[in-house]
Amino acid sequence: MRITAAVTETAHEPFAVRELELAEPGPDEVLVRIAGTGVCHTDLSARDARLPVPLPAVFGHEGAGVVERVGDGVLGVSPGDPVVLNYATCGSCRPCLRGNGAYCHEFFARNMSGRRPDGSSRLSAGGSVIHDSFFGQSAFASHAVVPARSAIVVDAWPGLPLEVLGPLGCGVQTGAGSVLNVLRCEAGSSIAVFGTGMVGCAAVLAARIAGCTTIIVVGRNPARLARAEALGATHALNLADGEATAAIRSLTGGAGADYSLEATGAPEVLRQAVDCLTPGGTCGLAGVPTPGTEVKLDMFGLLLGRRVVGIVEGEGVPQSFVPALIRLYRQGRLPFDQLITRYPLERINEAIDDMKAGRVTKPVLTLDVPAPAARNTATDREAVAGAGHG
Ligand SMILES: [Zn+2]
Ligand SMILES: [Zn+2]
């Protein structure tokens with residue numbers, strides 16, 4: 001079928017919105033009509049060749065939308081279902097079987113190789129391959145064919161704006177999952193969050209949910225720091241005023257923070273995120289550096305029980321965690337949508353300029369989809385399902 005997508009032809013160049021050909025879903029795949037896709041820094045890393053993804057390609061890995069068709073072998077996902085998309089996993093390697101698909105042995109092959117595991121591709125233009133499967137989705141597009149396991153059916157209707165739910169599949173689950181699934185901050189503990197983007201702000205919100213009583217946010221943009229405070233940070237430190245380690249120690253009674261989270265990908269920030277810990281404290285590393293980036297750490301400081309743990313996508317099981325995040329959002333405890341600015345897909349380059357300049361935190365590229373109310377009754381859902389199989 002013909003679709004519209006934002007294509008990256010050459011590294012560092014603006015996205016080109018154009019028509020492409022999308023293959024029909026295979027037996028274990030679903031076709032999703034995209035309602036909205038968040039823009040994440042990892043998309044820009046891939047566009048700018050800091051990640052080894054072949055070009056030309058369609059990026060976008062925070063998609064949400066409505067299932068239009070499903071392959072013959074798909075169970076549990078039906079046409080008409082609202083879904084949040086997620087990274088692809090094999091489902092059968094040891095990390096997958098242990099519920100930690102973020103470390104799937106086939107993670108790179110399934111999310112960054114630009115093709116299906118069997119080497120075939122879903123996207124083309126004039127017979128030439130356009131690489132797809134970015135984080136299992138390539139969602140800077142009007143439609144995407146994704147593995148059924150990457151389409152998480154969510155309780156979005158009635159009431160939730162489906163087009164902004166996509167970031168739950170990357171930025172929000174990374175920040176919230178780091179705190180709730182990995183660091184597992186206990187009530188009354190302290191945490192220092194380095195970074196004021198979606199990951200950092202989601203971590204602040206999750207720290208409140210966990211019951212942290214000292215939540216220190218560290219960044220460089222005064223407006224973003226103020227917003228992180230509005231979301232629940234108890235203190236804000238601006239790196240423009242100097243490094244944050246000493247200030248974090250004094251804000252934690254001289255001991256240092258129980259937990260810290262690095263959400264910038266910068267080695268000099270990771271150093272501070274480790275140095276600010278109390279002995280026995282744990283630093284989560286969620287920011288994405290260029291592969292090969294090295295960092296200097298104080299070995300004696302680490303000896304005192306301090307730990308550094310890398311975290312991809314907040315760990316956990318997205319099929320369970322994303323619906324949990326939606327329940328928290330419904331209760332008003334995870335208002336991540338306050339960080340979102342909507343742009344039509346056609347304005348993707350403007351959205352990225354605004355994000356890079358710090359004018360917006362999380363652009364979401366939106367597309368017109370039929371009003372969910374029209375699909376909100378059993379009859380309508382059956383009608384949609386019937387059409388899908390016809
Ligand atoms: Zn991302
Ligand atoms: Zn696996």
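These questions and answers walk through the zinc sites and aromatic pairs of a predicted model.

Biologist: Which residues coordinate the zinc ion (ligand 1)?
Modeller: Look for the donor atoms at 2.1 to 2.2 Å. Two are SG atoms and one is an NE2 atom. They belong to Cys40, His61 and Cys170.

Biologist: How are these donor residues of ligand 1 spaced in sequence?
Modeller: Start at the cysteine and read along to the histidine, then to the last cysteine. The pattern is C-x20-H-x108-C.

Biologist: How many residues apart in sequence are the parts that cysteine 40 and histidine 61 tie together?
Modeller: Cysteine 40 sits in the loop between strand 3 (29-38) and helix 1 (41-47). Histidine 61 sits in the loop between helix 1 and strand 4 (63-70). So the pair ties together parts whose separation in sequence is 21 residues.

Biologist: Are cysteine 40 and histidine 61 buried or exposed?
Modeller: The cut-off for buried is under 20% relative accessible area. Cysteine 40 falls in that class, and histidine 61 does too. Both are buried.

Biologist: What is the arrangement of the four donor atoms around the zinc ion (ligand 2)?
Modeller: The donors are the SG atoms of Cys90, Cys93, Cys96 and Cys104, at 2.3 to 2.4 Å. Their angles run from 105 to 118°. Four donors need all angles between 85 and 135 degrees for this class. The arrangement is therefore tetrahedral.

Biologist: What spacing do the donors of ligand 2 follow along the chain?
Modeller: Each donor is a cysteine. Read along the chain from Cys90 to Cys104. The spacing is C-x2-C-x2-C-x7-C.

Biologist: What is the relative accessible area of cysteine 96?
Modeller: Cysteine 93, another donor of ligand 2, counts as buried at 11%. Cysteine 96 is buried as well. Its value is 13%.

Biologist: How many aromatic pairs does the structure hold?
Modeller: Rings pair if their centres lie within 6.5 Å. The number of such pairs is seven.

Biologist: Is the pair of tyrosine 87 and phenylalanine 107 tilted or edge-to-face?
Modeller: The ring centres are 5.5 Å apart and the planes meet at 50°. Edge-to-face needs over 60 degrees, and stacked needs under 30. So the pair is tilted.

Biologist: What kind of pair do phenylalanine 107 and phenylalanine 108 form?
Modeller: Phenylalanine 107 is buried at 8%, whereas phenylalanine 108 is exposed at 52%. Their ring centres lie 6.3 Å apart. Their planes are at 70°, so the pair is edge-to-face.

Terms used:
Residues are numbered from 1 along each chain as its sequence is written. Chains are lettered from A and ligands numbered from 1 in the order in which they are written. This is a predicted model: local features need pLDDT of at least 70, side-chain atom pairs count only at pLDDT 80 or more; totals for chains, interfaces and linings use all residues. Side-chain values use heavy atoms; hydrogens and water are left out. Donors are N, O and S atoms within 2.8 Å of the metal (3.2 Å for Na, K and Ca); water is not among the atoms, so sites may look incomplete. Helices (H or I, at least four residues) and strands (E, at least two) are DSSP runs, numbered from the N terminus. Buried means under 20% relative accessible area, exposed over 50%, partly exposed in between (1.4 Å probe, protein chains only). Four donors count as tetrahedral if all angles lie between 85 and 135 degrees; four count as square planar and six as octahedral if opposite donors are over 155 degrees apart and all others between 65 and 115; anything else is irregular. Rings of Phe, Tyr and Trp (its six-membered ring) pair if their centres lie within 6.5 Å; planes under 30 degrees apart count as stacked, over 60 as edge-to-face and the rest as tilted.
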